[in-house]
Amino acid sequence: MSERARHWQYDELPGVDLLRARYVRKTFVRHTHENFVIAAIADGVEIFHHGGGDQYAGAGALALVNPDTPHTGRAGVPEGWRYGAVYPPVDVVAEIAAETTALRGTPGFASPVVDDPYAAGLVHQVLRAADEGNALAADTLLRVAVTRLLRLNGGPVPRREVRTAGARIAARARGVLEERMARPPTLEQLAAGLGTSPFALLRAFRDVYGMPPHAWLTDARVRRARRLLDTGTTPSEVAVAVGFTDQPHLNRHFSRIVGVPPGAYQRERKNVQDLR
């Protein structure tokens, strides 16, 4: 069974990423998203590690991930899984929550899996409307879907506050890695520069960000790569700019996090820009 995926944007849903895919052998490494993930499973089963355990989402269910929450993804059955996903930005979800729910604070999803075929159908309808260029339907259905899911499964997302000494060191380490993304230090060099030991830094970083520094750096590089690709920078130039050794290195990590190669990702973005 062949794998296929399309990752795109629709100009009338600004900032919202869209994905339609079938995966069989695909494995998503631990990563995060800046936006919310609302993935509606059409058939098959997806397993994703989230919050310390494996979560299972089958046909008619939705996999829901809050922004900046580490998670993975893989097939739960031999035939893989087929799904459609929308990735609304934080401000869009906050606006919908303020208008249609009684949630206070930063809104988010309480459970990572919700079995609701009706909401799953709404997500697929959003993608269909975007494909057909039906802006009114796409925007309406997205807002209805988000409202329903927040009412069924919404809650305030706890703010991650840097309080302990270990958490402060982790935050400083993250800042160093962001500044030196193309030429990062070793773990030992990073720890020495922060006045701590490598294993103390490793523990603190995993406690705060849910992954070790090297995995976080790969995730951050792919995020930056996406922004550069959106501006029209070529994949080969992007690879060097974000610190990958070459374009195949970028391709491998990009596909394992975004779900499509950088070239295919950029072509879809260029189509949207051409329409603008």
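Student: Where does Asp68 sit?

Tutor: Asp68 is in the loop between strand 6 (61-65) and strand 7 (71-75). Bear in mind that this is a predicted model.

Student: Why is Asp68 called partly exposed?

Tutor: Its relative accessible area is 39%. Buried would need a value under 20%, and exposed one over 50%. Asp68, at 39%, falls in between, so partly exposed is the label.

Student: What makes the phi of Asp68 worth a mention?

Tutor: Asp68 has a positive phi of about 60°, and it is not a glycine. Most residues other than glycine have a negative phi.

Student: Which residues does Thr32 contact, leaving aside its neighbours within four places in sequence?

Tutor: Asp68 is one of them, and the others are Thr69, Pro70, His71, Met211, Asp219 and Arg223. Thr32 itself belongs to the loop between strand 3 and strand 4.

Student: How do you know whether Thr32 is buried or exposed?

Tutor: Check its relative accessible area, which is 10%. That is under the 20% cut-off, so Thr32 counts as buried.

Student: What makes the pairing of the Thr32 and Asp219 side chains a polar contact?

Tutor: The distance is 2.5 Å, and the cut-off for a pair of N or O atoms is 3.5 Å, with one able to donate a hydrogen and the other to accept it. The Thr32 side chain also makes a polar contact with the side chain of Arg223, at 2.7 Å.

Student: What is on the other side of helix 7, so to speak: which residues of helix 7 and helix 9 meet?

Tutor: From helix 7 you get Thr218, Asp219, Val222, Ala225, Arg226 and Leu229, and they meet Leu250, His253, Phe254, Ile257 and Val258 in helix 9. By class, this contact has seven nonpolar, two polar and two charged residues.

Student: Why are helix 7 and helix 9 called roughly perpendicular?

Tutor: Helix 7 (residues 213-230) and helix 9 (residues 247-258) pack at an angle of about 95°, with their axes 10 Å apart. Angles of 65 to 115 degrees count as roughly perpendicular, so that is the name for helix 7 and helix 9.

Student: Which residues does Arg269 touch, not counting those up to four places away in sequence?

Tutor: Arg226 is among them, together with His7, Trp8, Gln9, Asp17 and Asp230. With Asp17 there is also a polar contact of 2.6 Å between the side chains.

Student: Why do Arg267 and Arg269 get opposite labels?

Tutor: Arg267 is in helix 10 (residues 262-275), and Arg269 lies in helix 10 too. Arg267 has a relative accessible area of 56%, which is over 50%, so it is exposed. Arg269 has 4%, which is under 20%, so it is buried.

Student: Back to the strands. What makes strand 6 mostly covered?

Tutor: Five of its five residues are buried. Ala61, Ala63 and Val65 point one way, Leu62 and Leu64 the other way, and all are buried. In a regular strand the side chains alternate between the two faces of the sheet.

Student: How do you know that strand 4 and strand 6 pair?

Tutor: Count the bridges. Pairing takes at least two, and four bridges join strand 4 to strand 6, which run antiparallel. One example is Ala39, whose bridge partner in strand 6 is Ala63. Strand 6 also pairs in the antiparallel sense with strand 10 (residues 113-115), over three bridges. There, the bridge partner of Ala63 is Val113.

Student: What about strand 7: how many of its residues are buried?

Tutor: Four of its five residues are buried, hence mostly covered.

Student: And which strand pairs with strand 7 in the antiparallel sense?

Tutor: Strand 3 (residues 27-31) does, over three bridges, and His31 has His71 as its bridge partner in strand 7. Strand 4 (residues 37-50) likewise pairs with strand 7 in the antiparallel sense, over three bridges. Here Glu46 stands opposite Ala75.

Student: Which residues is Ala75 in contact with, leaving aside its neighbours within four places in sequence?

Tutor: Val24, Lys26, Val45, Ile47, Gly80 and Trp81.

Conventions
Residues numbered from 1 in each chain as written. Predicted model: local features only at pLDDT ≥ 70, side-chain atom pairs only at ≥ 80, totals over all residues. Heavy atoms only, no water. Helix = DSSP H or I, 4+ residues; strand = E, 2+ residues; numbered from the N terminus. Buried < 20%, exposed > 50% of the residue type's maximum accessible area, 1.4 Å probe, protein only. Axes fitted to C-alpha atoms, helices over the stretch in contact; angles between N-to-C directions. Parallel < 35°, antiparallel > 145°, perpendicular 65-115°, else oblique. Contact = heavy atoms within 4.5 Å. Nonpolar A, V, L, I, M, F, W, Y, C, P; charged D, E, K, R; others polar.
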